[in-house]
Each structure stands twice: as structure tokens, then as C-alpha cells.
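Here is a friendly walk through one protein model and its bound ligand. Have the viewer open as you read, and pick out each residue as it comes up.

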Amino acid sequence: MTDLGFIHRFIPATQPGLPPLLLLHGTGGDENDLLPLGEQLSPGAALLSPRGKVLENGMPRFFRRLAEGVFDLADLKARTLELADFIAAARTAYALAKPVAVGFSNGANIAASLLLTRPELLAGAVLLRAMLPFEPQAPPDLAGKPVLLLSGSNDQMIPAASSERLIEVLQAAGADLVYKALPTGHNLTQNDLIIAAHWLKEFGLENL
Ligand code: MLT
């Protein structure tokens, strides 16, 4: 589907009462990549999966970077707002409740950027291998916003200092943060799936 401003896939819910998942892929992924993950994490939930519009050597991303871990902040801001518009349009088009963002790597970074910029659009977020995408000018208000952050303690792509700074910013903003550093690298493991699925289940129960 190319409407609503982003090429995307939408899979309607088959179970009532589960929050929709907004799936945000990593660099080089696309709108198909995380659908199996979404199905595993929350069986029967609606899945909304856009493709990032920036191309880096042919690889889709959600915003430009100047080098690994060095972001084009003007582009990041514009792309975050563009994605925010897509979420609002998709909620209307598909009659969706507020989604929980589930982002991996570059997708986790734009999910964090959405949380810091337009927190009212998300019911919560699962950030898999995220860093602080930008230093907020004013402290955001994330009071009670459920966020799960899973890092890899041997991740070569995400500097530990930057995910630690993300934790500080989320905690200072009042987010209801669950953080775990898993004994792994950048790639996702079975542990990520188990922890994220459990977190989403609790999330669903608390928000029924
Ligand atoms: C980013 O650019 O968002 C991070 O470096 C993660 C990635 O490589 O996608």
C-alpha cells in the first residue's frame, strides 16, 4: 500500500482488545520485515508497518545519518513529524486505537524520536537496540508512558553511553521504563522475543 504518505503493510486485528503494533524496521529492512516479529509478539493484534523513506546506498531507513551513529538532526526532525502524520492518518483510515511502537535499531531510534516529540501518538514503545536520537531542548512529558528498552551488552553499533543517556532522558520524563541489557550484540535473540511478548501481554492486561 502506498497511500497515507508511506509505503506500508497493514494487517487487521483478529483478536479484540490488543493494542495495534506500529512496526519500525532497521536499516535495509522494509515494511515486510517485522511482520513475523509482530505476529509472534502479540498474536492477533493489528500490525501497521511503514517503510522508511530515506535510502542509504539503496537501503531504506527512517532518517538520514551522516555517519554511523551521527544523525542529520534536521532530517530526523522532519521525518519524525512525517511519520507522526502517517500514524494519525492510518489511525483514521483503519479505525485503530493508539499503537504501541515496536522498533529495531534505526526503527527503535525513530520510535524514541517520536516518543520525545509526539508522545501523545503512542500508547507505549518497545525499543530494541535504541540510542538517544537527539538531545531534547525541553524535557518531554512521558508521565506513566510504558516503554520497554532492550539493549545488547556487546552491541557494536549502539554506543553504551548513548543508550544510557536515553534511559536517563526517559526516566527524567517520567516514563514507566523497563530496561534490560541482554548478553548479546546488535541482532535480536529469542530472549528479546520472550521479554517483549511478556511485556506486551502485561501491557494489554493493564490497558483493557
Ligand atoms: C541508526 O542509524 O539509527 C543506528 O546507527 C542504527 C542503525 O544502524 O540503523
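What follows looks at the ligand site, then one helix, then a few single residues.

**The ligand site**

Please keep in mind throughout that this is a predicted model. Which residues surround the ligand? They are Thr-27, Arg-61, Phe-63, Arg-65, Gly-69, Phe-71, Ser-105, Asn-106, Asn-109 and Met-157. Three side chains in that set place a polar atom by a ligand oxygen, and the table gives the distances.

| Side chain | Ligand atom | Distance |
|---|---|---|
| Thr-27, polar atom | oxygen | 2.6 Å |
| Arg-65, N or O atom | oxygen | 2.9 Å |
| Asn-106, N or O atom | oxygen | 3.0 Å |

Taken alone, the ligand would expose 260 Å², and the protein buries 99% of that area.

Ser-105, one of the residues around the ligand, also deserves a look for its backbone. Its place is the loop between β8 (100-104) and α3. Ser-105 has a positive phi of about 60°, although it is not a glycine. Most residues other than glycine have a negative phi. With a relative accessible area of 8%, Ser-105 falls under the 20% limit and is therefore buried.

**Helix α4, from end to end**

Now turn to helix α4, residues 160-172. How does its length compare with what 13 residues should span? At 1.5 Å a residue, the expected span is 18 Å, and the end C-alpha atoms are 18 Å apart, so the two agree.

The buried residues of α4 are Ser-162, Ser-163, Leu-166, Ile-167, Val-169 and Leu-170. Viewed down the helix axis, the buried residues of α4 fall within an arc of 170°, so they line one face. An α-helix has 3.6 residues a turn, so residues three or four places apart point the same way. The buried residues of α4 pack against α3 (106-117), β9 (124-128), β10 (146-152) and β11 (176-182). On the other side of α4, Ala-161 and Ala-172 are exposed. Just after the helix comes Gly-174, which takes a positive phi of about 90°.

**Residues in the packing partners**

Two of the elements that α4 packs against, α3 and β11, offer residues to inspect. Ser-113 sits in helix α3. Is Ser-113 buried or exposed? Its relative accessibility is 1%, so Ser-113 counts as buried. Leaving aside residues up to four places away in sequence, Ser-113 touches Leu-76, Thr-80, Pro-133 and Phe-134.

Val-178 belongs to strand β11. Its relative accessible area is 30%, which makes Val-178 partly exposed. With residues up to four places away in sequence again set aside, the contacts of Val-178 are Val-147, Leu-148, Leu-149 and Trp-199. Glu-31 is 147 residues from Val-178 along the chain, and their C-alpha atoms are separated by 27 Å.

**Two more stops**

Arg-129 lies in the loop between β9 and β10. Its phi is near 65°, a positive value in a residue other than glycine. At 1% relative accessibility, Arg-129 counts as buried.

The last stop is Ala-93, in helix α2 (residues 73-94). Ala-93 is partly exposed, with a relative accessible area of 48%. From Ala-93 to Pro-119 there are 26 residues in sequence and 20 Å in space, C-alpha to C-alpha.

Conventions
Residues are numbered from 1 along each chain as its sequence is written. This is a predicted model: local features need pLDDT of at least 70, side-chain atom pairs count only at pLDDT 80 or more; totals for chains, interfaces and linings use all residues. Side-chain values use heavy atoms; hydrogens and water are left out. Helices (H or I, at least four residues) and strands (E, at least two) are DSSP runs, numbered from the N terminus. Buried means under 20% relative accessible area, exposed over 50%, partly exposed in between (1.4 Å probe, protein chains only). The expected span of a helix is 1.5 Å times one less than its number of residues. The arc is that of the directions from the helix axis to the C-beta atoms. Contact means heavy atoms within 4.5 Å. A residue is near a molecule or strand if one of its heavy atoms lies within 4 Å of it. A polar contact is a pair of N or O atoms within 3.5 Å; within protein, one must be able to donate a hydrogen and the other to accept it, and residues adjacent in sequence count only if both atoms are side-chain atoms. Accessible areas come from the Shrake-Rupley method with a 1.4 Å probe; for residues, only the protein chains shown count as cover.
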